[in-house]
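Here is a short briefing for a first look at this structure. It starts with the ligand and then turns to a sheet.

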Amino acid sequence: MSTMSHPNTVLIVDFGSQVTQLIARRVREAGVYSEIAPFQSADEAFRRLKPKAVILSGGPASAAELGSPRVPDIIFESGVPLLGICYGEQAMCAQLGGRVEESDHREFGRAFLEIEDDCALFKDIWAPGTRHQVWMSHGDRVTALPPGFKVVGTSSGAPFAAIADDGRKYYGVQFHPEVAHTPDGAKLIANFVHEIAGLKGDWTMAAYRDQAVEAIRKQVGSGKVICALSGGVDSSVAALLTHEAVGEQLTCILVDHGLMRKNEAAEVVQMFREHYNVPLILIDASDRFLKALEGETDPEKKRKTIGHLFIEVFEEEAKKLGGADFLVQGTLYPDVIESVSFTGGPSVTIKSHHNVGGLPERINMKLVEPLRELFKDEVRALGRELGLPEHFIGRHPFPGPGLAIRCPGSVTREKLDILRAADAIYLDEIRKAGLYDAIWQAFAVLLPVQTVGVMGDGRTYEYVCALRAVTSVDGMTADFYQFDMEFLGRAATRIINEVRGINRVVYDVTSKPPGTIEWE
Ligand code: XMP
């Protein structure tokens, strides 16, 4: 739910498409604020947000079937401009008096759109008589248009692939303009929000910063605020924004659990204290964490131990400060978006994620979540706006439980030191090769396996280090990164030569699924 008010919002009604979030991204890239609401609560969202335009997403249901998801009437009654995408187009047609049927000619993937007529959606991109690549994914199709509509584009499988009712400013496309495989799609969405809905592209990170600072001031008043800094981008940006809003009312606490990467805690402390002058308490709790983890080999137990102890340590520190009224959290928009569920069934827990969940209730604090309206890229842009250095903003994600989950089996200080050294060399080589930004996440894993080797003239019996590097857009799915063998050979040689305790290096070529990115 929005914590700030945005006078020019586009509401995206989610019918359960896999790519609904991309619609929101494209609208925001056009400089217009957008929010997603599941179709079941779109009525309530429309009343609350008072959007200036609505986009209807795609979805797996069939508009040809009775009882399929519908567009709330309030949206048609309001008179705001409307863009229906795929299922959204079909639902709009079915509800406004057209017809949707199952089609024998299903279209999936690349297709070509023939432009039949001028349309405000196509302004400065597609002229009548031309043909353009688009991305389709549909079984049903519209077979009769509602009154007032005309065809502006066709494809071989969809005679009504793009339709328009200029009078009401209702538009529909059977293809997906939000995905990268529709190369001009982003411009088409920009045309909808700028040309058709008449919205200015004035939602920028500079504007967001001012608004967010105001909102934090209003929420916090003269209250005391604390923030758990993790060293990651999200908590750092949330902390800096809060500091800008309420200055010394904010104290940051960095709990060093001893599971961070080489020099990580020191760098964060230096940046916050010296560069930003933010009050920051560094707690070295590594002994406590390592003691609690002693002998523990079960991945879930390791994660839970770390999560609980983190809360305990943080709570103690908060008490020492005399408590606080507010806790800053770097919650992002993707964590907040309510997903469309057709079955209502619970999903399986693959891994229990570690964050400061549970803390606010225990210490009776209210949450300050200045990033809960932003996507990751937007947080990065905001970080730049706040002057965070580029190398910090572009850092790969790092999990809350840290190196503990990159050390399968039991965790010891000795193993962590070996892992830290190997990881630093691997990343140094990646940076030197200019590959850091092409990779979503890269790290070393220390396996609980020793193998025989020969170094100099002697026998060695040391650990195996696995290297992992993946590409991904959101961490939900991932591909292993295709290094060239020369690079891998170079990194392996350096690790074996420079790190005592490792005599063999392997590369992980598992994608996600079936693997996960982390090893535990
Ligand atoms: P997996 O291993 O589940 O990881 O494929 C997906 C992404 O999430 C990160 N990750 C975590 N991040 N707390 C976090 O903040 C956690 O407990 C956690 N576990 C995994 C992982 O590094 C990858 O980017």
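A polar side-chain atom of Gln 441 sits 2.8 Å from an oxygen atom of the ligand. The protein covers 84% of the 500 Å² of accessible area that the ligand has on its own. The model is predicted.

**Ligand contacts**

- Arg 303 also reaches the ligand: an N or O atom of its side chain is 2.9 Å from a ligand oxygen atom.
- Gly 400 takes part through its backbone, where a polar atom lies 3.2 Å from a nitrogen atom of the ligand.

**The shell around the ligand**

- The ligand has 15 residues around it.
- Those that come nearest are Lys 351, Gln 441, Lys 512, Ile 517 and Glu 518.
- By type, the shell holds 5 nonpolar, 6 polar and 4 charged residues.
- Domain 2 (205-393) and domain 3 (412-507) each supply at least three residues of the shell.

**The sheet**

- An open sheet is built from 9 strands, with mixed pairing.
- The strand order is 2-1-3-4-9-8-7-5-6.
- Strand 2 (33-38) and strand 6 (131-144) form the edges, and each pairs on one side only.
- On average, neighbouring strands of this sheet are turned by 20 degrees against each other, direction ignored.

**Strands 1 and 2**

- Strand 1 (residues 9-14) runs parallel to strand 2, and 6 bridges join the two.
- Val 13 has Ala 37 in strand 2 as its bridge partner.

How values were computed: Residues are numbered from 1 along each chain as its sequence is written. This is a predicted model: local features need pLDDT of at least 70, side-chain atom pairs count only at pLDDT 80 or more; totals for chains, interfaces and linings use all residues. Side-chain values use heavy atoms; hydrogens and water are left out. A residue is near a molecule or strand if one of its heavy atoms lies within 4 Å of it. A polar contact is a pair of N or O atoms within 3.5 Å; within protein, one must be able to donate a hydrogen and the other to accept it, and residues adjacent in sequence count only if both atoms are side-chain atoms. Accessible areas come from the Shrake-Rupley method with a 1.4 Å probe; for residues, only the protein chains shown count as cover. Ala, Val, Leu, Ile, Met, Phe, Trp, Tyr, Cys and Pro count as nonpolar, Asp, Glu, Lys and Arg as charged, and the others, Gly among them, as polar. Domain bounds come from an automatic or database domain assignment. Two strands pair if DSSP finds at least two bridges between them. Helices (H or I, at least four residues) and strands (E, at least two) are DSSP runs, numbered from the N terminus. Axes are lines fitted to C-alpha atoms, for helices over the stretch in contact, and angles run from 0 to 180 degrees between N-to-C directions.
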